[in-house]
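Open the structure in your viewer and keep the selection box ready. The tour goes stop by stop: what to select, then what is there.

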Amino acid sequence: MTEAVSKVIRTEEYQLSMGPVHPSTHGVLQILLTLDGERVVKAVPCMGYLHRGIEKLMESRNYFQCMPYTDRLDYVSAMNNDFAYCRAVEKLAQLEVPERAQYIRVIMAELNRIASHMIFIGSLAVDVGATTGMIYPFRDRECILDIFNELCGARMTYSYIRIGGVKSDLSVKVIDMINVFLKNLSAMIDEYNDLLTGNEIFQHRLKNTSVITAEQALQLGLTGPMLRASGVNYDLRKDNAYSSYEDFIFDVPLGNSGDNWDRYIVRMKEMRQSAKIVKQALDGLPEGSVMAKVPKVLRPPKGEVYVTTEGPRGEVGYHIISDGTVKPYRVHIRRPSLINLQALDLMCRGYLVGDVVVAMSTIDPILGEVDC
Amino acid sequence: MEIADRVPQVLRDNVLITSIDGLFKWARSNSLWPLTSGLSCCAIEMMCTAAARFDLARFGYEVFRNSPRQADLFLVAGTLTWKMAPPLKRLYEQMPEPKYVIAMGSCANAGGPFADAYSVVPGIDKIIPVDVYIPGCPPRPEALIDGMLKLKEKIRHPENVQKVQK
Ligand code: SF4
């Protein structure tokens, strides 16, 4: 609407509720939109439709029994969540993880990161209307799931990374499967590039929409690809290296304008970097055991820890308080999806309704993690 | 005299005799239109089932609808919370008859790992009637396909279904 016309016609704001059942909200999220015509005036995410009380449940389980819940928090990257939880408990109980286990953990976490980013690409493609774009990443993700399936028998909820190490050593077959996958990954990413990245309509939808500046991103406390797309170089794998990440050479892809396009490109580039890490870790896999000596009944000493790990969506932090018994006194989880979702209002204001869907998609929230 | 006997000899090879009921059952069971209602983890497996590798389209069930008014199968995949229960019930009520419900995953069956949480409905059958339960956490895509084939059985031969005593 041009300036002149909008002065003559008085417009009125109205409310629109998107969700909780909506194909593009990635689960059960409700977004309360205030609209003026097609322009978004305000977008408020309304959460809690998947609140499962995980933090409370963990208080009534012992440290080992908490593992299944961390799997089901961010269900598309369960390895990364287990990893984060185990690191926190290990720090609390002062356990030393053998180096081989550290390497295996890195391999699995990075593979899961790739799988998670594939889901991102698939769902982004569906959300902008390119349904075929979903089929390819989902097909390729199956290769990673096959590896995990061979490793621990589960496709999504692994509990493979355990307190003190990992469940079992890598078999020859698993190593072969990972090598084959790494060989094919480059061609897979090229295929997504052909399908999506070069597509003009796709570019129009993503470029220069939902811009977040570096300053705003820091103020909102964004982490992970969301933050790096705005040009802030912050990656816990580099800045606070854990579990032997310092042994590997990799780049941290950065965006510069902080729009949807950058968030997409950053994740695309991250997949190649993850593959690079997996390759190095496989080649340099040290010998030794994969499990530390962990007591059958784990009673960490009194105290509290806060340990952060870089997940596919950002900083996964576990704050665990122990009172010296077999059960944690309190577990608080810093879920990156929840905090990244707070940027939604900023990302939607002034843009069109159609852009809300794309903004939601590039935040890439997992509702299990948002509501916890 | 049977109806089939009344068909003239020349047409015997070309005419099928059935009841209207049988025809509807046949049509319904071969093209279920599921309503996508992914609630949590299990929804990802549901998407995998529809994607390239498991390819639900082979069975004719791939037309995932986003509107309850266009669907006849309610595929509840994931954890149902008390906050989500009213919208879910409303979705079910908006679906036109005949309609079927599949509960996918332990959470939808009985609350799964969250059965003792204060916010989780211990099984969607507390809210809506369920036709087929698929166990697993999450059920593998093969299990979902099997569940849908079980539903097909049920639609075709309702008389064979055992009633579960609750
Ligand atoms: S049954 Fe398991 S995988 Fe499915 S929604 Fe429940 S916790 Fe998630």
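A pocket here is an open set of grid points with protein on both sides within 12 Å along at least five of seven lines, and its lining residues have an atom within 4 Å of a point. Keep in mind that this is a predicted model.

**Stop 1: the largest pocket**

Select A:Pro23, A:Val126, B:Thr36, B:Met47 and B:Asn66. These residues lie nearest the centre of the largest pocket, which has 34 lining residues. Its volume is about 940 Å³.

Which elements each supply at least two residues of this lining? From chain A they are α5 (99-127) and α6 (132-152); from chain B they are β1 (34-38) and α3 (41-50). Colour α3(B) separately: the largest share, five residues, comes from there. Now colour the lining by class. You should get 19 nonpolar, 11 polar and four charged residues.

**Stop 2: the cavity**

Next, select A:Arg72, B:Cys41, B:Cys42, B:Cys107 and B:Cys137. They lie nearest the centre of the largest cavity, which is lined by 15 residues. Two elements of chain B, α3 and α5 (105-110), give two or more residues to this lining. The most comes from α5(B), with three residues.

The volume of the largest cavity is about 100 Å³. The structure holds one cavity of 30 Å³ or more. By class, the cavity lining has six nonpolar, seven polar and two charged residues.

**Stop 3: cis peptide bonds**

Stay with B:Cys137. The peptide bond from B:Cys137 to B:Pro138 is cis, with omega near -10 degrees. B:Pro138 sits in the loop between β4 (132-134) and α6 (141-156) of chain B.

Then go to B:Glu97 and B:Pro98. The bond from B:Glu97 to B:Pro98 is also cis, and omega is near -5 degrees. Look for B:Pro98 in the loop between α4 (85-94) and β3 (100-104) of chain B. Why stop at such bonds? Most peptide bonds are trans.

**Stop 4: positive phi**

Most residues other than glycine have a negative phi. Two residues are worth a click here. Select A:Gln94, where phi is positive, about 50 degrees, although the residue is not a glycine. A:Gln94 is in the loop between α4 (78-93) and α5 of chain A. Is A:Gln94 buried or exposed? With a relative accessible area of 65%, A:Gln94 is exposed.

Move to B:Asp55. Phi is near 45 degrees, again a positive value in a residue other than glycine. B:Asp55 belongs to the loop between α3 and β2 (73-77) of chain B. Its relative accessible area is 28%, so B:Asp55 is partly exposed.

**Stop 5: salt bridges**

How many salt bridges are there over all chains? The count comes to 29. Try three.

- Select A:Lys56 and A:Glu59. Their side chains meet in a salt bridge (3.2 Å, N to O). Both residues lie in helix α2 (residues 54-59) of chain A, three residues apart, about one turn of the helix. A:Glu59 is partly exposed at 22% relative accessibility.
- Select A:Glu310 and A:Arg228. This salt bridge is 3.0 Å, N to O. A:Glu310 is in strand β6 (residues 303-311) of chain A and A:Arg228 is in helix α10 (residues 225-229) of chain A, so the pair ties together parts that are 82 residues apart in sequence. A:Glu310 and A:Arg228 are both buried.
- Select B:Arg140 and B:Glu142. Their side chains form a salt bridge (3.5 Å, N to O). B:Arg140 is partly exposed at 31% relative accessibility, and B:Glu142 is partly exposed at 40%.

Now show A:Glu110, A:Arg113, A:Arg228, A:Asp235, A:Arg237, A:Glu270 and A:Glu310 together. Salt bridges that share partners join these residues into one network.

**Stop 6: a surface patch and a tyrosine**

Switch to a surface view and select B:Ile3, B:Val10, B:Leu11, B:Val15 and B:Ile17. They form a nonpolar patch on the surface, with about 460 Å² of accessible area together. B:Ile17 lies in the loop between α1 (3-6) and α2 (20-30) of chain B. At 42% relative accessibility, B:Ile17 counts as partly exposed.

Finish at A:Tyr136, in helix α6 of chain A. A:Tyr136 is partly exposed, with a relative accessible area of 25%. Draw a C-alpha to C-alpha distance to A:Met268. The two residues are 14 Å apart in space and 132 residues apart in sequence.

Key:
Residues are numbered from 1 along each chain as its sequence is written. Chains are lettered from A and ligands numbered from 1 in the order in which they are written. This is a predicted model: local features need pLDDT of at least 70, side-chain atom pairs count only at pLDDT 80 or more; totals for chains, interfaces and linings use all residues. Side-chain values use heavy atoms; hydrogens and water are left out. On a 1 Å grid over the protein atoms alone, a cavity is a set of points where a 1.4 Å probe fits but cannot get out, and a pocket is an open set with protein on both sides within 12 Å along at least five of seven lines; lining residues have an atom within 4 Å of a point. Grid points are joined across faces, edges and corners, and a volume is the space filled by probe spheres set on the points. Helices (H or I, at least four residues) and strands (E, at least two) are DSSP runs, numbered from the N terminus. Ala, Val, Leu, Ile, Met, Phe, Trp, Tyr, Cys and Pro count as nonpolar, Asp, Glu, Lys and Arg as charged, and the others, Gly among them, as polar. Patches are made of residues with over 30% relative accessible area and no salt bridge: like charges are joined within 9 Å, nonpolar side chains (Val, Leu, Ile, Met, Phe, Trp, Tyr) within 5 Å. Accessible areas come from the Shrake-Rupley method with a 1.4 Å probe; for residues, only the protein chains shown count as cover. A salt bridge is a side-chain nitrogen of Lys or Arg within 4 Å of a carboxyl oxygen of Asp or Glu. Buried means under 20% relative accessible area, exposed over 50%, partly exposed in between (1.4 Å probe, protein chains only).
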